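Please report on this protein–DNA model. Cover the contacts to each strand, then selected residues and the domain layout.

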Number of protein chains: 2
Amino acid sequence: MGNIHDIARLAGVSASTVSRVLNNHPYVSTEKRQAVLDAAEQLHYEKNINAVHLSRGKTETIGVILPYVNHPYFGTILSGIAAAAEENGFKLMIVQTKYDVNQEIDALNMMKLKQVDGLIITSRECPIEMVEDYSTYGSIVLCEAWTGSQMSSVYINHFKAFKEAITFLKDRGHSKIGYTIVRVDGKSSIARRNAYEEVFHYVRDEWVFDNSLTIEDGVRVAGEWKELEKRPTAMLITNDFVAAGFILECRRLGFQIPGDVAVIGFDNHPIAAPLGITTIDLPLQRLGEIAFQQAISPTEITHQEVPFTIVKRESV
Amino acid sequence: MGNIHDIARLAGVSASTVSRVLNNHPYVSTEKRQAVLDAAEQLHYEKNINAVHLSRGKTETIGVILPYVNHPYFGTILSGIAAAAEENGFKLMIVQTKYDVNQEIDALNMMKLKQVDGLIITSRECPIEMVEDYSTYGSIVLCEAWTGSQMSSVYINHFKAFKEAITFLKDRGHSKIGYTIVRVDGKSSIARRNAYEEVFHYVRDEWVFDNSLTIEDGVRVAGEWKELEKRPTAMLITNDFVAAGFILECRRLGFQIPGDVAVIGFDNHPIAAPLGITTIDLPLQRLGEIAFQQAISPTEITHQEVPFTIVKRESV
DNA sequence: GTAAAGTATGAAACGCATTTCAGATCAAGT
DNA sequence: ACTTGATCTGAAATGCGTTTCATACTTTAC
């Protein structure tokens with residue numbers, strides 16, 4: 001198959017000229033250009049991309065850290081990233097962490113090793129300072145509210161979204177509002193608690209259901225909700241999958257939505273429409289696209305909040 | 001930051017010795033080993049992985065071709081692949097094709113360029129011969145029924161699964177059975193038609209709904225189903241998402257499941273349980289894990305059919 | 001006591017493309 | 001006729017780690 005020098009020899013030119021032809025540089029005579037092209041063809045030449053990476057010092061590859069690839073929230077962000085990557089001729093390296101810190105560090109190290117030019121962190125477990133340390137090796141994009149000067153960020157204002165959702169419920173007469181979160185110490189969980197406290201001054205712990213990420217979790221939460229002595233009359237739920245599980249299980253248990261319990265979900269996942277779930281639409285695909293753009297623009301650090309909108313359906 | 005030669009100089013050894021230490025080769029004296037480690041520490045040495053890739057001629061990276069990353073079917077396979085990759089210290093490069101042939105070719109070329117050691121094709125658009133040509137550059141794993149000698153495969157027997165589902169419905173008295181497919185010329189669509197013909201000898205075209213991949217498609221199909229003069233009394237549906245859309249829309253339109261129309265889905269996605277969808281459980285996570293193992297075992301070509309099971313719920 | 005086997009080390013070759021620098025040529029401008 | 005500036009071209013340096021081969025010194029084995 002040969003390399004660039006073989007082509008050079010066969011075409012009677014130097015390796016530099018071959019490289020120029022192969023990279024469409026100007027200043028190569030038509031005859032030599034053709035000779036190189038012919039020789040490359042004849043030798044069935046294929047670039048060794050690793051040599052290019054080594055030589056150029058970059059790989060046109062972006063790493064993506066996400067806890068679960070097949071979760072609709074992260075999957076949709078990933079889809080947006082992938083679409084933008086394709087458009088820009090970049091490759092994508094994904095690391096599914098399952099919320100494991102070591103996996104995350106592994107991914108961060110890909111940048112240190114020059115395996116990727118940039119890194120998009122859709123969900124973070126490591127301390128932020130640690131992540132920031134890595135920003136010397138390449139561009140890091142955080143999908144969370146963050147305004148430091150070393151890393152870009154693109155995020156949904158969970159505090160605002162949650163507050164708006166609570167207010168929406170309060171305005172409709174609800175005062176007993178429960179909510180679900182993924183992990184108690186998660187960043188958006190804290191934002192939710194803060195928002196809740198700002199509206200109601202007090203969070204009743206038994207109305208906070210953690211570990212809610214999947215449909216099954218929604219089913220489980222419905223069971224837990226049912227057993228409460230003082231049941232919330234409304235629930236703000238992590239995402240539409242959890243909401244779907246919750247609503248379907250509530251119905252199975254004989255409760256009415258929104259009669260017995262009103263529900264607001266998050267994401268505006270396609271499942272929300274046929275289930276009539278009132279939800280907060282999050283432009284996740286778009287968020288992914290922005291994250292990608294930030295990742296390939298290491299020089300300009302920006303912080304972009306993407307808007308959300310309440311989609312009113314029948315669950316409230 | 002320095003490279004291996006800087007370390008060698010500082011430690012007073014040769015680059016070969018440094019490489020040996022860094023790769024845990026035996027035959028290095030304790031003193032020199034320590035000297036190298038100290039020097040590496042002192043220089044904050046970090047390997048340039050691209051040099052390693054170039055030198056070794058492989059990247060410990062597997063490429064994954066899939067049409068949509070955020071689709072539950074492919075997302076779950078990907079999740080299995082990702083889990084196996086992590087366990088084996090491999091990286092993953094993903095290419096979201098959106099069923100675009102050029103994207104697929106792009107991905108195939110990653111192997112030619114030595115960017116990835118192997119490739120897992122979860123869904124294929126290119127002619128099989130073309131894909132096979134690439135198998136000289138690395139290991140290719142197909143997630144479809146295939147028994148050639150150059151590429152491994154891991155797949156669900158769609159013909160068998162579909163036939164079993166139809167028989168299941170027929171045994172329960174259904175003779176007017178419709179079904180949905182993704183694309184008319186898709187491989188599993190052909191398998192479905194064949195299975196259908198084997199049971200009923202004749203496929204009524206208006207009972208075949210194509211372009212059914214998402215929840216929205218399910219909603220649309222429900223509308224189409226309603227408008228038929230002769231409505232099927234049972235539907236075999238592409239996957240549980242489409243089934244969910246179909247069922248929810250049917251209910252909204254005032255029909256009973258399974259009274260007016262029985263439904264069987266595919267995948268056994270978590271949404272199927274709370275919706276009571278009778279479905280064919282497909283071990284997609286496992287399929288992904290197997291695919292990965294095959295991808296990193298280029299020497300042994302295997303063909304593995306993974307089993308499916310009918311999960312009986314209330315939609316039939 | 002000598003052959004065989006094991007341990008330890010470095011030089012050099014290998015993998016390969018890109019890019020800078022210096023030199024050469026040719027056309028255009030004054 | 002002479003200076004610029006643009007167009008070509010190749011040698012050599014650069015990016016960097018791995019691995020083979022040759023060599024030399026120790027042990028063990030018989």
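In this predicted model, B:S14 approaches DNA strand C through its backbone: an N or O atom there lies 3.1 Å from a phosphate oxygen of the strand. A:S19 uses its side chain instead, with a polar atom 2.9 Å from a phosphate oxygen of DNA strand C. B:S16 addresses a base. A polar atom of its side chain lies 2.7 Å from a base nitrogen of DNA strand C.

The wider surroundings of DNA strand C comprise 26 residues. The closest are A:I4, A:Y45, A:S55, B:T17 and B:S29. By class, the 26 residues near this strand divide into 9 nonpolar, 12 polar and 5 charged. On the DNA side, sugar or phosphate supplies 64% of the strand C atoms within 4 Å of the protein, and bases supply the rest.

Which helices build the surface near DNA strand C? Both chains take part: α2 (15–22) and α4 (49–56) of chain A, with α2 (15–22) and α4 (49–56) of chain B, each give at least two residues. The top contributor is α4(A), with 4 residues.

**DNA strand D**

DNA strand D is surrounded by 27 residues, and the closest are A:R20, A:Y27, B:I4, B:Y45 and B:S55. Of the strand D atoms that come within 4 Å of the protein, sugar and phosphate account for 64%. The nearby residues split into 9 nonpolar, 13 polar and 5 charged.

B:I4 is among the closest residues. Its contact runs through the backbone, where an N or O atom lies 2.6 Å from a phosphate oxygen of DNA strand D. Two side chains also reach phosphate oxygens of this strand. B:N23 places a polar side-chain atom 3.0 Å away. For A:K32, the distance from a side-chain N or O atom is 3.4 Å. The elements that give two or more residues to this surface are α2 and α4 of chain A, with α1 (4–11), α2 and α4 of chain B. Here α4(B) gives the most, with 4 residues.

The table collects the polar contacts to both strands.

| Residue | Protein atom | DNA atom | Distance |
|---|---|---|---|
| A:S19 | side chain, polar | phosphate oxygen, strand C | 2.9 Å |
| B:S14 | backbone N or O | phosphate oxygen, strand C | 3.1 Å |
| B:S16 | side chain, polar | base nitrogen, strand C | 2.7 Å |
| A:K32 | side chain N or O | phosphate oxygen, strand D | 3.4 Å |
| B:I4 | backbone N or O | phosphate oxygen, strand D | 2.6 Å |
| B:N23 | side chain, polar | phosphate oxygen, strand D | 3.0 Å |

**Domains of chain A**

An unreviewed UniProt entry lists "domain: HTH lacI-type" for residues 3–56 of chain A. That span is 69% helix and 0% strand, and its end C-alpha atoms lie 17 Å apart. Chain A is divided into domain 1 (4–47), domain 2 (59–156 + 284–307) and domain 3 (158–281). Between domain 1 and domain 2 of chain A, the C-alpha centres are 38 Å apart.

**Two buried residues**

A:V36 sits in helix α3 (residues 30–42) of chain A. Is A:V36 buried or exposed? A:V36 counts as buried because its relative accessible area is 0%. Leaving out residues up to four places away in sequence, A:V36 touches A:I7, A:A11, A:V13, A:V18, A:V21 and A:L22. A:K176 is 140 residues from A:V36 along the chain, and their C-alpha atoms are 75 Å apart.

A:K91 belongs to strand β2 (residues 91–96) of chain A. Its relative accessibility is 15%, so A:K91 also counts as buried. What does the side chain of A:K91 meet across the chains? A polar contact of 3.3 Å joins the side chains of A:K91 and B:D106. Other residues touched by A:K91 include A:E60, A:T61, A:I62, B:M93, B:M110 and B:Q115.

**Backbone details**

Each chain has a cis peptide bond to note. In chain A the bond joins A:I257 and A:P258, with omega about 5°. A:P258 lies in the loop between α11 (240–252) and β9 (262–267). In chain B the cis bond joins B:I257 and B:P258, again with omega about 5°. B:P258 is in the loop between α11 (240–252) and β9 (262–267) of chain B.

Positive phi values occur in two non-glycine residues, among them A:K98, near 50°, and B:N24, near 55°. A:K98 is in the loop between β2 and α6 (101–112) of chain A. At 38% relative accessible area, A:K98 is partly exposed. B:N24 occupies the loop between α2 and α3 (30–42) of chain B. B:N24 counts as exposed, because its relative accessibility is 64%.

Notes: Residues numbered from 1 in each chain as written. Chains lettered and ligands numbered in written order. Predicted model: local features only at pLDDT ≥ 70, side-chain atom pairs only at ≥ 80, totals over all residues. Heavy atoms only, no water. Near = heavy atom within 4 Å. Polar contact = N/O pair within 3.5 Å; in protein donor to acceptor, adjacent residues only side chain to side chain. Nonpolar A, V, L, I, M, F, W, Y, C, P; charged D, E, K, R; others polar. UniProt positions renumbered as here; feature names shortened; annotations may be inferred. Buried < 20%, exposed > 50% of the residue type's maximum accessible area, 1.4 Å probe, protein only. Contact = heavy atoms within 4.5 Å. Domains from an automatic or database assignment.
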